[in-house]
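Visitor: Got a minute to walk me through this one? I'd like to start at the surface and work inwards.

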Amino acid sequence: MSDDPERPIIIKKKKVVGGGGHHGGAWKVAYADFVTAMMAFFMMMWLLNATTEQQRMGLADYFSPSIPITRVSGGGDGAFGGDDVFSEQTIAQEGTGATNARPTEGRQNLGTVGAEYNDDEQVMEALGDALAEAGGDAAVIETILEHIQTRLTDEGLVIEVFSRPEAPLFDASGEPIYWLPLLAEVLASLFETVTNQVAVEAHVPTAPLVRQSTDRFILAAQHAMQMRGLLEDGGLRANRLDRITGHGDSDPVMDDPLSIRNDRLEIILLRGIY
């Protein structure tokens, strides 16, 4: 190849770009995941505030990876030992009302009430066991349980103690029946396993005009105050009582306002923080 002095010299320059080039949009994916997680978090918080306990248990069961043998929602005693967001504040889940630091029998006693009220037998059985541990004989325990019904409402766990024919809660002088202090002591002991507030409400039947001597509201208020005193004597701290109410004969449970079944006490373990 001959050297040609007239041939032009061509010089190629390569432009080197520093910094590794374009990084793509990975940060956008991470940001989208963060926004999605925050949206899910706030939706969860809204659902906790806007739904009832029954609805929350239904949602938990829907997202459960397997069919539970018992209705248990949230919290656990496993490797992580976690507590659900309702721990020590509500009473509608198994194990609710105590933590791993306070494993008590009352944790089970008050935490097995079903959403459709079909677990009332478990509550009654728990009350029976507690009464037996408190020293009541079989006949007394059977008598007490015949006067009790439990139900779960939006307000909380209602333990209804009612009169039966020939078996009133209060005698003619207004004194409580002999087994009512024992029941109050057991309830106070069970209530100490949770931090929820307690309400006491009393109802009385309508009395015939010829027999009315005491105003129905005054009589109901007296019954409620007596039950309050029995609970406090049984060990329930006074600051746990949220309200004491006498409803008179304004809210009968039977069509017949004179029925003795309308004579009742309702001890309510209230939901939430008060």
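Guide: Sure. Keep in mind that this is a predicted model. On the surface, W27, Y31, F34, V35, M38, F41, F42, M44 and M45 make up a nonpolar patch of about 960 Å².

Visitor: Where does F41 sit?

Guide: F41 is in helix α1, which covers residues 26-50.

Visitor: And how exposed is F41?

Guide: F41 counts as partly exposed, because its relative accessibility is 39% and that class runs between 20% and 50%.

Visitor: OK, new topic: helix α6. What length should its 12 residues span?

Guide: At 1.5 Å a residue, the expected span for α6 (residues 180-191) is 16 Å. The C-alpha atoms at its ends are 16 Å apart, so the two agree.

Visitor: How many residues of α6 are buried?

Guide: 9 of the 12, so the rest of the structure largely encloses α6.

Visitor: Which ones?

Guide: The buried set in α6 is L180, L182, L183, A184, V186, L187, A188, L190 and F191.

Visitor: What about T193, where is that?

Guide: T193 lies in the loop that runs between α6 and β3 (198-203). With a relative accessible area of 11%, T193 is buried, since the cut-off for buried is under 20%.

Visitor: Which backbone atom does the T193 side chain lie close enough to for a listed distance?

Guide: The backbone oxygen of L190: a polar atom of the T193 side chain lies 2.6 Å from it. L190 is itself one of the buried residues of α6.

Visitor: Let's switch to charges. How many salt bridges are there?

Guide: The count comes to 11. One of the pairs is R151 with E160, where the closest N and O atoms are 2.7 Å apart.

Visitor: Are those two buried or partly exposed?

Guide: One of each. R151 counts as partly exposed at 29% relative accessibility, while E160 is buried at 3%.

Visitor: Which other arginine forms a salt bridge with E160, at 2.7 Å?

Guide: R261 does, again with 2.7 Å between the closest N and O atoms. That pair links distant parts of the chain: R261 is in the loop between β4 (241-246) and β5 (264-270), E160 is in strand β2 (residues 156-162), and they are 101 residues apart. R261 and E160 are both buried.

Visitor: And what does R264 meet in a salt bridge?

Guide: The side chain of D251, at 3.9 Å from N to O. R264 is in strand β5 and D251 in the loop between β4 and β5, so this salt bridge ties together parts 13 residues apart in sequence.

Visitor: How accessible are R264 and D251?

Guide: R264 has 2% relative accessibility and counts as buried. D251, at 42%, counts as partly exposed.

Visitor: Which residues do the shared partners join into one network?

Guide: R151, E160, D251, R261, R264 and E266 are joined into one network by salt bridges that share partners.

Visitor: Last thing: where does I148 come in?

Guide: I148 is in strand β1, residues 148-152. I148 is buried, with a relative accessible area of 4%. Its C-alpha atom is separated by 9.6 Å from that of R264, although I148 and R264 are 116 residues apart along the chain.

Technical notes. Residues are numbered from 1 along each chain as its sequence is written. This is a predicted model: local features need pLDDT of at least 70, side-chain atom pairs count only at pLDDT 80 or more; totals for chains, interfaces and linings use all residues. Side-chain values use heavy atoms; hydrogens and water are left out. Patches are made of residues with over 30% relative accessible area and no salt bridge: like charges are joined within 9 Å, nonpolar side chains (Val, Leu, Ile, Met, Phe, Trp, Tyr) within 5 Å. Accessible areas come from the Shrake-Rupley method with a 1.4 Å probe; for residues, only the protein chains shown count as cover. A salt bridge is a side-chain nitrogen of Lys or Arg within 4 Å of a carboxyl oxygen of Asp or Glu. Helices (H or I, at least four residues) and strands (E, at least two) are DSSP runs, numbered from the N terminus. Buried means under 20% relative accessible area, exposed over 50%, partly exposed in between (1.4 Å probe, protein chains only). The expected span of a helix is 1.5 Å times one less than its number of residues. A polar contact is a pair of N or O atoms within 3.5 Å; within protein, one must be able to donate a hydrogen and the other to accept it, and residues adjacent in sequence count only if both atoms are side-chain atoms.
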